[in-house]
Amino acid sequence: ARRWAAEALRLDRRLPAILQVDTGMSRMGMEPWEVDGFLADPAMAAWIDLRLLISHLACADEPDHPANEEQAARFRAMAERFPDLPRALDNSGGAFLARGHFDLVRAGIALYGGAPRVGANPMRPVVSLETAIAQLRTVPAGAGVGYGMTFHAARPTRIAAIPVGYADGWPRALSNRGAAWIAGHRAPIIGRVSMDSITIDVTDVPDQHLYPGAPVELLGPHQTIDDPPLRTRLCRHGGDGSERKPFLMKIAILGSGVIGVTSAWYLRQAGHEVVVIDRRSGPALETSFGNAGEISPGYASPWAAPGIPMKALRWLAMKHAPLILRPRADMAMLKWLVAMLGNCNARDYAINKSRMVRLAEFSRDCLIELRALTGISYDERMQGTLQLFREESQLAGIAKDVAVLKADGVPFEVLDKAGCIAAEPGLAASHAPIAGGLRLPHDETGDCFKFTNALAEMARAAGVEFMTNTTIARIVEEGGRIVRGETDHGPVVADAYLGAMGSFSPHLVKPLGLKVPIYPVKGYSLTVPIVNEPLAPVSTLLDESYKVAITRLGDRIRIGGMAEISRFSTDLPQARRDTLEHSAGSLFTGAGDFAAGGIWTARLPSKPADPPGRG
């Protein structure tokens with residue numbers, strides 16, 4: 001303002017100006033204290049001819065966002081100090097808010113027909129972009145296309161070169177994922193978008209539409225700036241130069257367990273449009289429903305460990321076995337077991353455990369941050385985890401685990417029997433042998449079902465769409481990229497797809513040529529009401545002998561464990577309940593009403609080496 005006033009003084013005439021004030025976007029404009037200085041300086045009024053007062057809405061594309069009214073209130077207060085000036089606050093999205101719009105609306109993206117708000121686009125697309133075929137050719141199966149040969153033809157393929165590239169503004173990010181249209185037929189972009197040309201697959205376009213000079217639609221009736229993936233690449237800025245907040249990508253998440261819902265939350269926070277699809281009636285009704293409830297990064301360790309093959313043979317003869325094998329004529333089961341046995345050595349165990357501990361520690365830290373940010377509640381406790389050893393030989397064998405904890409900087413305590421009772425006073429009434437324990441004081445507990453549903457509600461409030469009671473039939477691939485998901489309620493089209501379907505994921509992605517080494521390992525849990533508070537656990541105890549976790553969840557005890565390899569079985573044998581009751585009942589005698597407890601089972605997605613995969 002001072003420089004503009006100085007220029008007016010130099011020219012010896014008042015100069016017109018628009019005054020922009022910052023009402024909360026924290027990008028451009030005067031702050032209130034700067035407005036105070038402006039009004040207090042007589043030179044400003046003498047030499048600057050104010051014509052308009054403006055500000056800019058940060059969240060107008062989300063009609064229910066509280067920042068909209070907060071910014072409007074600040075703008076009204078500022079406008080009172082300039083009573084004679086016309087006022088303009090609303091951009092394209094603001095024009096559709098249910099309130100008054102001051103004197104002027106400054107449309108941006110809406111001028112081009114782009115969606116100015118979340119949901120259905122009220123604008124008619126008006127932007128078109130056409131080019132023409134420059135050259136046609138046919139390449140054999142296996143031929144590479146373009147720089148870096150990032151696309152290889154899976155069949156004899158007819159391709160067309162069109163004279164548009166990134167020098168013309170067409171994003172390189174559309175390489176191998178965008179498309180053009182010829183006479184109403186989709187022609188996928190294959191290979192990289194280069195500086196001055198793009199190659200498209202026209203194999204499925206009728207011959208009469210293919211000739212040098214034939215028109216090619218890049219933007220038009222078949223593909224607008226709000227269609228994926230163009231929405232991501234072309235609409236990052238409004239026509240008024242403002243950054244568009246709406247969606248960077250549309251992402252379809254397949255599965256609404258704890259992984260799917262948590263991913264949905266973080267992706268929505270990053271600005272993406274997210275839809276979650278699940279065949280069940282709500283979130284966390286499969287593997288996330290009744291698990292053990294422990295958040296124990298330091299105890300993250302693979303089943304594939306040295307000595308497991310010999311232990312497994314002994315376990316098979318035990319009444320309360322932690323590992324149960326129910327053989328099936330199933331090649332996938334056999335391959336999984338062979339791969340698991342191949343990881344039962346000291347070297348692979350140390351590598352896999354270290355990876356799992358580091359990832360679990362990071363995950364726990366993210367949970368702490370999320371809890372602080374949202375105030376989410378899920379029967380959480382932060383009182384550590386105790387791994388209890390009934391036998392001296394078990395206590396003597398913890399050296400390799402302690403070494404990993406030390407290497408990764410995880411705090412721990414090695415306890416004798418008295419130390420175990422001090423950590424879990426309910427053990428004082430137990431007649432079971434207790435040799436000692438390994439305690440991790442920073443571990444936590446919580447109800448995964450409650451957590452997932454609470455976060456799902458927050459995600460829904462933030463704009464995530466949940467499609468429940470919807471079965472995902474298959475993923476459709478065309479031209480080397482996924483183009484849609486097919487469900488029993490119709491197709492779902494997105495820019496990206498995230499599979500979070502646990503043990504069902506391998507079947508879904510197998511037709512795409514993806515081999516995921518996941519096999520369902522059946523786990524069990526029993527949830528019982530507490531009837532004697534002093535005898536109940538205060539946190540999580542891991543019973544090493546039976547591989548059972550006993551966790552305090554509010555006024556309940558969750559007892560979870562065992563690994564049963566039985567394909568996709570969902571039966572509930574009495575013997576599994578007996579094992580859970582024996583483990584918890586012998587350690588926390590009289591704490592819960594086991595007869596009133598409900599048993600649950602799920603098919604836990606498991607890899608032969610256990611560290612989770614992603615990709």
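The legends below describe close-up views of a predicted model.

**View 1. The three-stranded parallel sheet and helix α4.**
The sheet is open, and its three strands follow the order β1-β2-β3 with parallel pairing. Its edges are formed by β1 (15-20) and β3 (87-88), each of which pairs on one side only. Strand β2 (residues 48-54) runs parallel to β3 and is joined to β3 by two bridges. One residue pair to locate here is Leu-53 with its bridge partner Arg-87 in β3. Helix α4 (residues 66-79) packs on this sheet and touches β2 and β3. The direction of α4 makes about 155 degrees with that of β2.

**View 2. Strands β22, β23 and β24.**
β22 (472-478) pairs with β23 (residues 481-487) in the antiparallel sense over six bridges. Within this pairing, Ile-472 stands opposite Thr-487 of β23. The hairpin of β22 and β23 has two residues between the strands, and Gly-479 takes a positive phi near 60 degrees there. β23 also pairs with β24 (residues 490-492), again antiparallel, over three bridges. In that pairing Gly-485 stands opposite Val-492 of β24. Two residues make up the hairpin connection from β23 to β24.

**View 3. Surroundings of Thr-470.**
Thr-470 sits in the loop between β21 (465-467) and β22 (472-478). The relative accessibility of Thr-470 is 2%, so this residue counts as buried. Leaving out residues up to four places away in sequence, Thr-470 touches Ile-277, Asp-278 and Arg-279, along with Thr-487, Asp-488 and His-489. Of these contacts, Thr-487 is also the residue opposite Ile-472 in the pairing of the second view.

**View 4. His-272 and its polar contact.**
The loop between α6 (258-269) and β14 (273-277) contains His-272. With a relative accessible area of 11%, His-272 is buried. Its side chain reaches the backbone nitrogen of Met-249 at 3.1 Å.

**View 5. The largest nonpolar core around Ile-559.**
This core has 26 residues. Those with the most contacts inside the core are Leu-427, Leu-541, Ile-550, Ile-557, Ile-559 and Leu-587. Two or more residues each come from β17 (385-389), β26 (519-529), β28 (548-553), β29 (556-565) and α15 (574-587). Setting aside neighbours within four places in sequence, Ile-559 is in contact with residues including Tyr-524, Leu-526, Val-528, Val-548, Ile-550, Leu-580, Ala-584 and Phe-594. Another core, of 22 residues, lies apart from the largest one; among its members are Ile-162, Leu-174, Ile-200 and Leu-210. In soluble globular proteins, nonpolar side chains tend to be buried together.

**View 6. The two faces of helix α11.**
The buried residues of α11 (residues 399-407) are Asp-401, Val-402, Val-404 and Leu-405. They lie on the same side of α11 because they cover an arc of only 160 degrees around the axis. These buried residues pack against α9 (346-374) and β19 (436-440). On the face turned away from the buried side, α11 carries the exposed residues Ala-399, Lys-406 and Ala-407. Gly-409 follows α11 and has a positive phi, near 70 degrees.

Key
Residues are numbered from 1 along each chain as its sequence is written. This is a predicted model: local features need pLDDT of at least 70, side-chain atom pairs count only at pLDDT 80 or more; totals for chains, interfaces and linings use all residues. Side-chain values use heavy atoms; hydrogens and water are left out. Helices (H or I, at least four residues) and strands (E, at least two) are DSSP runs, numbered from the N terminus. Buried means under 20% relative accessible area, exposed over 50%, partly exposed in between (1.4 Å probe, protein chains only). Contact means heavy atoms within 4.5 Å. A polar contact is a pair of N or O atoms within 3.5 Å; within protein, one must be able to donate a hydrogen and the other to accept it, and residues adjacent in sequence count only if both atoms are side-chain atoms. Two strands pair if DSSP finds at least two bridges between them. Axes are lines fitted to C-alpha atoms, for helices over the stretch in contact, and angles run from 0 to 180 degrees between N-to-C directions. A nonpolar core is a set of buried Ala, Val, Leu, Ile, Met, Phe, Trp, Tyr and Cys residues joined through side-chain atoms within 4.5 Å. The arc is that of the directions from the helix axis to the C-beta atoms.
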